[in-house]
Amino acid sequence: MPTVLTRKDIKNNPKINSEHDKMTNKSLIRNIGIVAHIDAGKTTTTERLLFYSGKLYRIGNVDEGTTAMDWMEQEQERGITITSAATTCLWRNHEVNIIDTPGHVDFTAEVERSLRVLDGAVVVFCGVGGVQPQSETVWRQADKYKIPRITFINKLDRIGANFLGVVKQMSKKLHAKPIVMQLPIGTEDKFKGVVDLVKMKAFQYSDELGTKIEEIEIPEDLKSNVKKYREKLIETVSEADEGILHKFVSGSGKITTDEIIATVRKLTVSGHSVPVFAGSSLKNKGVQFLLDAIVDFLPSPCDIPAITGTEPETNKVIHRNMDDKEPASALAFKIQADPFVGRLTYIRVYSGKIKRGHSIYNSTRCVRERISKLVRMHANDREEVEEIGCGDIVGVVGLKKTFTGDTLCNEKEPIILENIRFPQPVIWLAIEPKSKADEEKLSKALSKLSEEDPTFKLKTDEQTGQAIISGMGELHLEVLVERMKREFGVVANVGKPHVAYKETIKNTAKMEGKFVRQTGGHGQYGHVVIAVEPNSKGEGFKFENDIREGRIPREYFSSIEKGIISALETGPLGGFPVVDIKVTLLDGSYHEVDSSDIAFKMAASIAVKEVLPKAKPVLLEPIMKLEVITPDDYLGDILADINSRRGKIENMDTSKKFHIIDALVPLAAMFGYSSALRSLSQGRATYTMEPAFYEQVSEKIAKEVLGVI
């Protein structure tokens, strides 16, 4: 049975306090994230983890806006998580650092950067909705960073909940290897506890607060399923451990609980399998067992391989072990404008120690920064500390030139860690201050918000002079505009949202570019010959240098590449960015006196602008992955509406009285879809949507977008 510690127990136990303050055993740390599809119950689950571990005195409620982790006003009003929040709690003398992440696809950058620095994750699935579109997205993100994970099938008290159905979806949709560790006792409103397949014991909750757990006999109607899934569990661990296999085959001894836990942990940390647990966070059931699972199965910093980076000068690959005695290295993964301490930088320490008041080197930007304060975070509350070591996730005050993805390290032994890659925006709108007095405030607000959010982009329209902001969706930009008003006091005129189109090419072409200026003294001379060709879909930009030795000095190559990248920001069709293109430098010439970096940058830019129209440029539009869940009565109308929006139906499933429609639809056709769907289904259908890929638009649509008659 789980150990239930109250806040009072922790406060009055000097041993626990001592271990919390002076914890040097890294095996007792868990750095985890709570990730899921929107409305699967991430924040509610996190609140319960904090309550049962003694971090919170009372349980917060998402619907009432009283949760500790959703601390922003907008989060409380909308009932959704917008920004990831970090906190720390204790369970069985282990320090559990938790990051609660958003579920809405518009805020996927928060999930991306959190997973980059975490050691493990709890993936929460809705017992009714199962594996939903954003569930697949966060699973792929966890796969990318090789994050071990356990899963918690939540909301098993809801009508239509199906625990084993969700387990099957995990295998089918996610290609995962789930290990069922528990089976629920009862379904829907009769859900009252779980059977632990490791201990072969049944537990039920006898109070509403979930603190009274009693052991009971395994219910008769569950015994066949319990036997079936216990055998599956033993078969799985037998394949991974020879000792258990010998006992299993020969029947020569009892397979112990410790043996099973140790082997499941090994399978989880290696990424081979995913343990599955059951519960209902809102009804306070199953969460203590989940805390035990976090401690038992998710990795500590000691289980993580040495971090890999490069030496700045030579690009040589170097490794840093998870050890306080190694040279310091840390990754900045989030910037936040804090109203009390100013600019707050969240970092994950991978090696060495970092102390308050000391300097640290930003190897990404080649600048030295001074650390004013080190703070452990609990949502928006702060606890100052003097020193941090490897495995710690904390906030740093005082870093002025450090941004998301930058590496902080020992200046004498520098390293650059792999950066974080974020998805590109798919939607934009124009914004301008309502009065002259708001101009400076707007500029300051936009600058700070773009520092915080890597998927929020800002540029100025050269023709109109308006500020153009772009992001991951309508909700994303709506939230950011609202933040400008509330946090920065900016009142602005906001235009209608527009699709963020892109351009690419279909043919190859070759062109030379020259930039020659003579002004009496030193002039300017740059000359390049380039070729362009299409790159594979989604490959982005690639620069290749095929120039003969000595035609252009090496020191100008980086300027040529910068000129090419700059020119690709504005395509020949509609001024949209050009993507999926390979540019090769073939030839050129230079002048010993007049050549300069700026001359070659300009020459490369001229060559790109002249060659693109000759390479058959085409327009690309973002395609969205759409999932609609609808009662049977409205299926026909909804399918017809999707078709009218240029949608393609990819798959249809039926779950009880509901149909689940998977489709691919152009973003341009989806503005106002929320209202349309409500109207078509009398408010009974729901949908989720996320970016899938960019695709070439038809000639007819391209002419409409570009205003060609």
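A residue counts as buried when its relative accessible area is under 20%, and as exposed when that area is over 50%. The exercises below apply these cut-offs to a predicted model.

**Exercise 1. Describe how helix 11 is covered, and find its place in the nonpolar core.**

Step 1. Helix 11 spans residues 287-297, and 11 of its 11 residues are buried.

Step 2. Among these buried residues are Val 287, Phe 289, Leu 290, Leu 291 and Ile 294, but also Gln 288, Asp 292 and Asp 296.

Step 3. The largest nonpolar core has 102 residues, and the members that touch the most others are Val 122, Ile 150, Phe 163, Leu 233 and Ile 294. Helix 11 gives the most to this core, namely 8 residues.

Step 4. A second core, separate from this one, holds 44 residues, including Leu 442, Leu 446, Phe 456 and Ala 685.

**Exercise 2. List the contacts of Leu 233 beyond its neighbours within four places in sequence.**

Step 1. Leu 233 is one of the residues that touch the most other members of the largest nonpolar core.

Step 2. With neighbours within four places set aside, Leu 233 is in contact with Ile 179, Met 181, Leu 197, Val 198, Ile 260 and Val 264.

**Exercise 3. Decide whether the chain is as compact as a globular protein of its length.**

Step 1. The chain contains 18 helices and 38 strands. Its radius of gyration is 28 Å, and the globule rule gives 27 Å for 709 residues; the two values are close, so the chain is as compact as a globular protein of that length.

Step 2. Along the principal axes, the C-alpha atoms fill a box of roughly 95 × 65 × 60 Å.

Step 3. Of the 709 residues, 55% count as buried. Among contacts with a separation of 6 or more, 72% come from residues 24 or more positions apart.

Step 4. The accessible surface is about 32500 Å², and carbon and sulfur atoms make up 48% of it.

Step 5. For charge, there are 97 positive and 99 negative side chains, with the centres of the two sets 1 Å apart.

**Exercise 4. Is Lys 155 buried or exposed, and which residues does it contact?**

Step 1. Lys 155 sits in the loop between strand 5 (149-154) and helix 7 (163-174).

Step 2. Its relative accessibility is 14%, so Lys 155 counts as buried.

Step 3. Apart from neighbours within four places in sequence, Lys 155 contacts Asp 39, Ala 40, Gly 41, Cys 126, Gly 127, Val 128, Ala 161, Gly 279 and Ser 280.

**Exercise 5. Characterise Cys 366 and Gln 682 by backbone angle, place and exposure.**

Step 1. Cys 366 has a phi near 55°, which is positive although the residue is not glycine. Phi of Gln 682 is also near 55°, again positive in a residue other than glycine.

Step 2. Cys 366 belongs to the loop between strand 17 (359-362) and strand 18 (367-370). Gln 682 is in the loop between helix 17 (673-681) and strand 38 (686-696).

Step 3. Cys 366 has 55% relative accessibility and therefore counts as exposed. Gln 682 has a relative accessible area of 65%, so it is exposed.

**Exercise 6. Locate Val 317 and state its contacts.**

Step 1. Val 317 is part of strand 13, residues 317-320.

Step 2. Leaving out neighbours within four places in sequence, Val 317 is in contact with Thr 308, Gly 309 and Thr 310.

Step 3. Val 317 and Ile 416 are 99 residues apart along the chain, and their C-alpha atoms are separated by 9.5 Å.

Methods. Residues numbered from 1 in each chain as written. Predicted model: local features only at pLDDT ≥ 70, side-chain atom pairs only at ≥ 80, totals over all residues. Heavy atoms only, no water. Helix = DSSP H or I, 4+ residues; strand = E, 2+ residues; numbered from the N terminus. Rg over C-alpha atoms; globule rule 2.2 N^0.38 Å. Buried < 20%, exposed > 50% of the residue type's maximum accessible area, 1.4 Å probe, protein only. Contact = heavy atoms within 4.5 Å. Areas by Shrake-Rupley, 256 points an atom, 1.4 Å probe, with all protein chains shown as cover. Lys, Arg positive; Asp, Glu negative; His and termini not counted. Charge placed at Lys NZ, Arg CZ, Asp CG, Glu CD. Core = buried A, V, L, I, M, F, W, Y, C linked by side-chain atoms within 4.5 Å.
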